[in-house]
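I opened my notebook to get to know a structure that was new to me. Here is what I looked up, entry by entry.

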Amino acid sequence: MRLTSLGDVILDVIVRLEQPLVTGDDTVGVTQATPGGQAANVAAWAVALGAAARLVTKRGDDLAGELVARELERRGVELAGPAAGRTGVVVSLAAGGDRTMASDRGSAPDLAPHELDAAWFDCDVLHVSGYALARDPIAAAAGRAAELAREHGATVSLDVSAWTLVDERFRQRARALAPDVVFATEPERGALGELAARWVVKRGSAGVSVDGRSWPAAATEVVDATGAGDALAAGFLVGGAEL
C-alpha cells in the first residue's frame, strides 16, 4: 500500500508534568523534542505498519527543519515539498493523560498548488490534515492534491483535527475535497455536519465507531495522548478497524 499525507511537519516539544503548572514558579517535568504534525505522524505510523508513505509539506530551511527531515527519513518516510522559511513548533503540555498545546505552524500553511508535483500523488490513499483546510494557500493545494490523487485511482481521507477550526469556509472546503473517509471526534463531526463519506468517529476511552459499529478501546494506562488519533488513522487506512 502507498500512502501520501499532506499537511504539517513540525517540531513537537512534549513536556510531561508531574503536577500542574504554577504561575510564576518552577514545575518539574520531562521534556522530549521529536518530529510531529498530524500529516507527518500518519505517514510515520503507516511506514511502521508496513506501508510505503510520502509526506507532502512545506517546512523551514532552518535547524528545526533539518532535524525533522533527518528523523522522518530515518523512519522511512519520503519527504516531498519545498524547504523555505521557518519550521513550525508545537509545545504540548501533558499531565494526567490530558494535553494542552501551544501551536506555531511556521511555513506549512504557505504550501501553494504550483509547488506540487503530480508524481507525489501516485498513491493508493491521500490523507489530508484538517489544518490544511484552515487557510490558503495550503487549502487550495489540498484541493489540487485530491484531484491529482484521484487521477491515480486513490481514495482521499480527511482528519477534521479540531472542532475550533471548523467555520463555514472550512465546511465549504471539506465539501469540495469530497473525502471518502473522515476521521473526527464527536464534537468535530457535529461542527462539520454531514458529508457523503465513511465516518470514523474517535471516542477516546469509549473506542471508535465505524459505519455505526462500535469498536472498544484497548485497556491501557494513558501517559500522553499526543498523536494518538494520528496513529489510529494510519492503522485504519493501512488495515481497517481491526488493525
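**Entry 1: a patch on the surface**

I began with Leu-243, which sits in the segment after α6. This is a predicted model, so I read every entry with that in mind. Leu-243 has a relative accessible area of 53%, which is over the 50% cut-off, so I noted it as exposed. Together with Trp-45 and Leu-49, Leu-243 forms a nonpolar patch on the surface. The accessible area of the three together is about 290 Å².

**Entry 2: helix α6**

Next I stepped back to α6 itself, residues 228-239. Its twelve residues reach 16 Å from the first C-alpha to the last, close to the 16 Å expected at 1.5 Å a residue. I listed its buried residues as Asp-230, Ala-233, Ala-234, Gly-235, Phe-236 and Leu-237. Just after the helix, Gly-240 takes a positive phi of about 80 degrees.

Asp-230 turned up again when I looked at Asn-41, a residue of helix α1. Is Asn-41 buried or exposed? Its relative accessible area is 15%, under the 20% cut-off, so Asn-41 is buried. Leaving out residues up to four places away in sequence, I found Asn-41 touching Pro-35, Gly-36, Gly-227 and Asp-230.

**Entry 3: helix α2**

I then checked the length of α2, residues 63-74. Twelve residues at 1.5 Å each should span 16 Å, and the end C-alpha atoms are 17 Å apart, which agrees. Which residues of α2 are buried? I wrote down Ala-64, Gly-65, Val-68, Ala-69, Glu-71 and Leu-72. Their cover includes the strands β2, β3, β4, β5 and β6, along with helix α1. Just after α2, Gly-76 takes a positive phi of about 90 degrees.

Inside α2, Glu-71 forms a salt bridge with Arg-74, with the closest N and O atoms 2.6 Å apart. The two are three residues apart, about one turn of the helix. Glu-71 is buried at 18% relative accessible area, whereas Arg-74 is exposed at 59%.

**Entry 4: more salt bridges**

How many salt bridges does the structure hold? I noted 17, and looked at two more of them.

- Asp-122 pairs with Arg-2, the closest N and O atoms being 3.0 Å apart. Asp-122 lies in the loop between β7 and β8 and Arg-2 in strand β1, so the pair ties together parts that are 120 residues apart in sequence. Both count as partly exposed, Asp-122 at 33% and Arg-2 at 35%.
- Glu-78 pairs with Arg-54, the closest N and O atoms being 3.1 Å apart. Glu-78 lies in strand β5 and Arg-54 in strand β4, so this bridge links parts that are 24 residues apart in sequence. Glu-78 is partly exposed at 40%, while Arg-54 is buried at 14%.

**Entry 5: the nonpolar cores**

Last, I turned to the inside. The largest nonpolar core has 36 residues, and Leu-6, Val-56, Leu-116, Phe-121, Leu-126 and Leu-192 touch the most other members. Elements that each supply at least two of its residues are β8, α3, β9, α4, β10, α5 and β11. The largest share, seven residues, comes from α3.

I followed Leu-116 further: not counting residues up to four places away in sequence, Leu-116 touches Val-56, Leu-111, Phe-121, Ala-141, Arg-144 and Ala-145. Apart from this core lies another, of 30 residues, among them Ala-46, Ala-53, Val-68 and Val-208.

Notes. Residues are numbered from 1 along each chain as its sequence is written. This is a predicted model: local features need pLDDT of at least 70, side-chain atom pairs count only at pLDDT 80 or more; totals for chains, interfaces and linings use all residues. Side-chain values use heavy atoms; hydrogens and water are left out. Helices (H or I, at least four residues) and strands (E, at least two) are DSSP runs, numbered from the N terminus. The expected span of a helix is 1.5 Å times one less than its number of residues. Buried means under 20% relative accessible area, exposed over 50%, partly exposed in between (1.4 Å probe, protein chains only). Contact means heavy atoms within 4.5 Å. Patches are made of residues with over 30% relative accessible area and no salt bridge: like charges are joined within 9 Å, nonpolar side chains (Val, Leu, Ile, Met, Phe, Trp, Tyr) within 5 Å. Accessible areas come from the Shrake-Rupley method with a 1.4 Å probe; for residues, only the protein chains shown count as cover. A salt bridge is a side-chain nitrogen of Lys or Arg within 4 Å of a carboxyl oxygen of Asp or Glu. A nonpolar core is a set of buried Ala, Val, Leu, Ile, Met, Phe, Trp, Tyr and Cys residues joined through side-chain atoms within 4.5 Å.
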